[in-house]
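Reader: I have this model open on my screen and would love a close look at one part of it. Could you pick a single helix and walk me through its surroundings?

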Amino acid sequence: MAMKPKEVVEVIPPKDIFVGSKDAAITLMEFGEYENEDCAKANEVVKKILEEYDGRVRFQFRHFPLTKIHQRSMKAAESAIAAGQLGKFWEMHNILFHNRRQLGTTSLKLYSKEAGVENKHFLDDLINSTYGWYVRNDFQEGVNKGVKEIPSFFVNGEMVAGKATFENISKEIENALKKVKKKAPAKVRA
């Protein structure tokens, strides 16, 4: 009896999931988690930034669960990545922030349906930590970048100092846009 080869499933890691124009000159990256109140507030700031800088900024959320404080943040992050495999990361992301005080595994399954995720293995994937390594990879990258508190933002790889306010982040985006313009080659007139 021949053994059937195990199906290889390619996973879309969080570093490859973003919202906004893929050709945007500015990449805004946040390290955060879904149970944290400050991260939930920052999510509203990000929505405003994406509206204000439409087409010029792409946003990426990276997972940095503080599991000693928020025991459910790890599974919540895994659920977002699982939803991302079906193109529903941002829907799940926003639902998780909206329901940040109720992130038990059964609730995560219900939220996945609300986000439009149609995957009969969703709960199994959570229980088996199918996407746990991707959350840990995000966390480790954050540590390597010097993240010590959340939310932490980066504009084109540079950490944003201070609080996660619209004013702070947009100031860094404006500075980055000026740098990008300086690097752009001058147009030659014919």
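**Helix α6 and the loops around it**

Author: Happy to, and a good way in is Ser129, which counts as partly exposed because its relative accessibility is 27%. This is a predicted model, so please read every value as computed from it. Ser129 sits in the loop that joins α5 (122-127) to α6. Its phi is positive, about 55°, although Ser129 is not a glycine. As background, most residues other than glycine have a negative phi.

Now to the helix itself. Helix α6 covers residues 132-144, and with 13 residues at 1.5 Å a residue it should span 18 Å; the C-alpha atoms at its ends are indeed 18 Å apart, which agrees. Which residues of α6 are buried? They are Gly132, Val135, Asp138 and Gly142. These residues cover an arc of only 125° around the axis, which puts them on the same side of α6. The general spacing rule helps here: an α-helix has 3.6 residues a turn, so residues three or four places apart point the same way. On the other side of α6, Trp133 and Asn144 are exposed.

What covers the buried residues of α6? The cover includes the strands β2 (26-32) and β3 (57-63), along with helix α2 (73-84). The packing of α2 on α6 deserves a closer look. Their axes are 9 Å apart, at an angle of about 110°, and α2 and α6 are therefore roughly perpendicular to each other. From α2, the residues Met74, Ala77, Glu78 and Ile81 meet Gly132, Tyr134, Val135 and Arg136 of α6. Two of the names in that contact, Gly132 and Val135, are also among the buried residues of α6.

Let us follow the chain onward. Just after α6, Gly146 takes a positive phi of about 95°. Further along, in the loop between α6 and β4 (152-155), comes Pro151. The peptide bond leading into Pro151 from Ile150 is cis, with omega near 0°. For comparison, most peptide bonds are trans.

One more residue rounds off the tour. Asn156 lies in the loop between β4 and β5 (158-159). Phi of Asn156 is near 50°, a positive value in a residue other than glycine. With a relative accessible area of 34%, Asn156 is partly exposed. Ser129, where we began, likewise counts as partly exposed and has a positive phi.

Terms used: Residues are numbered from 1 along each chain as its sequence is written. This is a predicted model: local features need pLDDT of at least 70, side-chain atom pairs count only at pLDDT 80 or more; totals for chains, interfaces and linings use all residues. Side-chain values use heavy atoms; hydrogens and water are left out. Helices (H or I, at least four residues) and strands (E, at least two) are DSSP runs, numbered from the N terminus. The expected span of a helix is 1.5 Å times one less than its number of residues. Buried means under 20% relative accessible area, exposed over 50%, partly exposed in between (1.4 Å probe, protein chains only). The arc is that of the directions from the helix axis to the C-beta atoms. Contact means heavy atoms within 4.5 Å. Axes are lines fitted to C-alpha atoms, for helices over the stretch in contact, and angles run from 0 to 180 degrees between N-to-C directions. Angles under 35 degrees count as roughly parallel, over 145 as roughly antiparallel, 65 to 115 as roughly perpendicular and the rest as oblique.
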